[in-house]
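Reader: I am new to this structure and would like to go through it slowly, one question at a time. Could you show it to me before we start?

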Amino acid sequence: MAKKTLSKAYEPQISEGKWYQYWVDHDFFHAEDKSDKKPFSIVIPPPNVTGILHMGHALNNSLQDITIRAKRMQGYNTLWMPGTDHAGIATQNVVEQELAKEGLTRFDLGREKFVERVWQWRTKYGGVIINQLKRLGSSCDWQRERFTMDEGLSKAVREVFVRLYNANLIYQGDYIVNWCPRCHTAISDLEVEYKEEGGFLWNIRYPYKDGTGEIVVATTRPETMLGDTAVAVNPADARYKDVIGKDVILPLVNRVIPIIADDYVTMEFGSGAVKITPSSDPADFAMAERHNLEIVKIMDGNGAITAAGGVYEGQDRYECRKNVVEDLKAGGYLISVEPYSHNVGKCYRCKTDIEPLVSRQWFVKVQPLAKAATAAVVKGNTKIVPPMWEATYYEWMNNIRDWCISRQLWWGHRIPVWYCEGCGKVIVATHDPDHCPGCNGTKLRQDEDVLDTWFSSALWPFSTMGWPEQTEALKTFYPTSVLITAFDIIFFWVARMMMMGLYIMDDVPFKDVYIHALVRDEKGEKMSKSKGNSIDPLEIIDKFGADAFRFTLAALTAQGRDVRISEERIEGYKFFVNKIWNATKFSLMNLEDYAGGAVQANPSDESLPDRWIKSRLNKVIDDVTKGIDEYRYNDAAMSLYQFIWHELCDWYLELSKPVLYGKETPEKKLAAQHSLFVVLKSSLQLLHPFMPFVTEEIWQTLIDDGSSIMVSAFPKPEAQYEDEAAERQMAIVMEVITKIRNIRAEMGLPLAKKLKVVVSAPDEEMTSLIIACKRYILNLANVEKLAFGEVNEEAKNYATGVVGSIRLFVLLEEADVVGEKARLEKEMAKIDKELAVVSKKLENPSFMEKAAPDVIRKEEEKYRQFKEKYAALEEALKRFGITG
């Protein structure tokens, strides 16, 4: 191998942009619609076109990229479909805020000009988050990038709407919806955020019409009483059994309303009697339908009182509340006011208080769709990982309400429904009609509303691949292999994709759904700018590099557990990047005269460390492959970290230095070089999905054949490297070295001081092993003399260490003896605790009955080893005239 070097330190700022462009230029991210390779596909959860990269995006896309890079290296025809979402409310709000700075509103522009303005904004700013994803290293097939309002997806949206409408699964009706008075649109139940706020419970008397008394109702919203059409009690409530069916006079309005009985009423709330306002509460609306009550709409789309509110007409809802309370007091109707905390619904975008409002909206009848989507998970056609989320999915699907899909916005997919002004016919079509099929009239008016953003997102897995056309991409990559997403959009998106995929494509949209948790700060707190604990991913990439950031996210992502992150943790993995860089620099210096695969090393020349490190590599390949396949990214990352930092760098390189420096035969050096090259190369390949940039930088120097690591073959375990005996033997040798080092540290012996050690091994096998590995112990434990046999049991100038059945005696100076007593007692106390834990298990009848035989055997072996070790230390302590 020719002389090759790396720069003094890894410089991510230079490397990342260079190699990302190299990958793009060579089409490494691009999937083939037709290929002999097995397909593997992921669709990206499309970020909002208004978005900028946050920690949730960083985690989600890092995990997707780890999976897709590994599968690409494993020989799959991999498609990672990228794109962005038009984000109806969010994008319209952003553009309206821009207009406000110019002193304009969208109404000043009109619908057509406003939509043009939004498209201009999208052209200018819509690619920001895509470029940020590229900085993270995301290897999406950018040639296929989609947008939920591009021409192809718009065609798919119309096609699905028409199919659902024709199947009577889309309908229009008057229904109570969540209305945002600020955004002037309906929003779904899932788009309402609830916040607990302190308020009041007003107790108001409603007089009986016949003058015989009154009934007291409790409410948190007195202004809505203007729309009351009944008072309800629970039929089982003995207090009110004689008044059910009576009429009361609604205070301030003087409307006569009935007292009804309904099981929905909670007897423990307030007085047990509640006012029913069908136009302002979903539960009351449902009750009105059951009892055929009148619906009096007292609130308009701005949150102001309508003419039905009488003298309060035109007042803002909160101004009206104040005035209604004052008038109730003045009229003698207000009995009492109590402090009361309750959840208040807020618009997820602008945080305005939601107003339940009865309006004419479009809905999807979801129960038939939900039934199929539930069955698909029950049957295992789609697997949810971790399975703890299945119960949440089922619960929501089983209690699902019809989906309100219309939004009173201008930005979005306009509902493909037209009304004939001549004959009133409703026309639902995939293409803009030019005449009415009923009367042949040409005066057609399109529905003003647009579709909920999540309607187009629900079609994402197949619309992005060209549906409704039967494209080659669709045939090859649908259903997709896995969806990787956060738990907070299971209902918004995952469930709806399941419903639409099964209905339209007659197949699930993905075989696996991996649901990861949220990213929080190091204390487990939710990140927010207001708390000052948020972390900007782009700043982190600038400071520590994308590789360290990505590896940190993977290492901390345990299934079902939130990710707790801090700059200190990211910095820790930056040190790991540096460790890899420096280990490679050392390796390159010692591989200059290595001819690569041209000259094969003779297995008989391999040392124990050579055999051990390759056997350990096999295990790590298996661990990393399984970890990625099973979405245990933290296990895969930590297996790599442990292997590269500790086993390869801390042990193998140190053990191999003498032979690499030419202190042994050329054949043994070649064997060590071959082992080093194989292990370093495979380690880089295993690491590449997690750390794409630094591994490519090193690969280009180490391999130097014009290839890229990202399309090299992912390592597979090699049968010839399997060597359990080498692993067992090296474990003993490393523990002996570690034990001597620990004695040195605990006794405060200088690092430079050469030690004298006597080894007492129980049999010839152990003795032979220590003799064969004597040079490693002398070198790594800084021992000048290693003798074999027993020491004088009466002697007190030895520190004792126990490694399995081997006893180590480290010669001490007189001044070191006191410290040795303390050390022995400390180690015995530690073993005593471990013995107690194992004993408790073995004495537990439940454990002994339920545990597998091999598990019991392992515990019994641990108990035996701890007892032996304790006895050996106790013997050592007796030399000082102390009994433990």
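Reader: What sign does the phi of Gly748 take just after H23, and about how many degrees is it?

Author: The model is a predicted one, and the angles discussed here are computed from it. Helix H23 covers residues 724–747, and Gly748 comes just after this helix. The phi of Gly748 is positive, at about 70 degrees.

Reader: How many Å does helix H23 reach from its first C-alpha to its last?

Author: Helix H23 has 24 residues, for which a span of 34 Å is expected at 1.5 Å a residue. The reach in the model is close to that expectation, and its value is 34 Å.

Reader: How is the protein divided into domains, and how many Å separate the centres of domain 1 and domain 2?

Author: The protein has 884 residues, and its C-alpha trace spans about 110 × 65 × 50 Å along the principal axes. It is divided into domain 1 (192–348), domain 2 (565–722) and domain 3 (742–878). Taken over C-alpha atoms, the centres of domain 1 and domain 2 are separated by 72 Å.

Reader: Which helix gives the largest share of the largest nonpolar core?

Author: This core has 201 residues, and those that touch the most other members are Phe161, Phe455, Phe549, Phe551, Ile565, Phe576 and Phe690. The largest share of the core amounts to 16 residues, and it comes from residues 633–660, which form helix H20.

Reader: From which domains does this core draw at least three residues each, and which residues does a second, separate core include?

Author: The largest core draws at least three residues from each of domain 2 (565–722) and domain 3 (742–878). The second core is separate and has 34 residues, and it includes Ile257, Ile305, Leu334 and Cys404.

Reader: Which residues does Ile565 touch, not counting residues up to four places away in sequence?

Author: Ile565 is one of the residues that touch the most other members of the largest core. Among the residues that Ile565 touches are Arg520, Asp521 and Glu522, as well as Met55, Val519 and Met527. The others in its list are Ile535, Phe549, Thr552, Leu553, Leu556 and Ile570.

Reader: Is Leu153 buried or exposed?

Author: Leu153 is found in helix H7, which covers residues 151–166. Leaving aside neighbours within four places in sequence, Leu153 is in contact with Arg146, Phe147, Thr148, Trp460, Ser463 and Thr464. Its C-alpha also lies 8.2 Å from that of Trp467, although the two residues are 314 apart in sequence. Because its relative accessibility is 2% and the cut-off for this class is under 20%, Leu153 counts as buried.

Reader: Which strands are the edge strands of the open sheet with the order E6-E5-E14-E16?

Author: This open sheet has four strands with antiparallel pairing. In it, strand E5 (residues 170–180) and strand E14 (residues 355–364) are joined by ten bridges, and Ile170 has Val364 in E14 as its bridge partner. Helix H8 (residues 282–291) lies across E5 and E14 and runs at about 145 degrees to E5. The strands that each pair on one side only, and are thus the edges, are E6 (185–187) and E16 (403–404).

Reader: Why is strand E28 described as largely enclosed, and which residue of the turn to E29 has a positive phi?

Author: Strand E28 (residues 798–803) is largely enclosed by the rest of the structure because six of its six residues are buried. Both faces are covered, with Tyr798, Thr800 and Val802 on one side and Ala799, Gly801 and Val803 on the other. Six bridges join E28 to the antiparallel strand E29 (residues 806–811), where Val802 stands opposite Arg807. The two strands form a hairpin with two residues between them, and the turn residue with a positive phi, of about 60 degrees, is Gly804.

Reader: How does Asp623 count in terms of exposure, and in which helix is it found?

Author: Asp623 is found in helix H19 (residues 608–629). This helix is largely enclosed by the rest of the structure, because 16 of its 22 residues are buried. Asp623 itself has a relative accessibility of 36%, which lies between the cut-offs of 20% and 50%, so Asp623 counts as partly exposed. The helix that holds Asp623 is H19.

How values were computed. Residues are numbered from 1 along each chain as its sequence is written. This is a predicted model: local features need pLDDT of at least 70, side-chain atom pairs count only at pLDDT 80 or more; totals for chains, interfaces and linings use all residues. Side-chain values use heavy atoms; hydrogens and water are left out. The expected span of a helix is 1.5 Å times one less than its number of residues. A nonpolar core is a set of buried Ala, Val, Leu, Ile, Met, Phe, Trp, Tyr and Cys residues joined through side-chain atoms within 4.5 Å. Buried means under 20% relative accessible area, exposed over 50%, partly exposed in between (1.4 Å probe, protein chains only). Domain bounds come from an automatic or database domain assignment. Contact means heavy atoms within 4.5 Å. Two strands pair if DSSP finds at least two bridges between them. Axes are lines fitted to C-alpha atoms, for helices over the stretch in contact, and angles run from 0 to 180 degrees between N-to-C directions.
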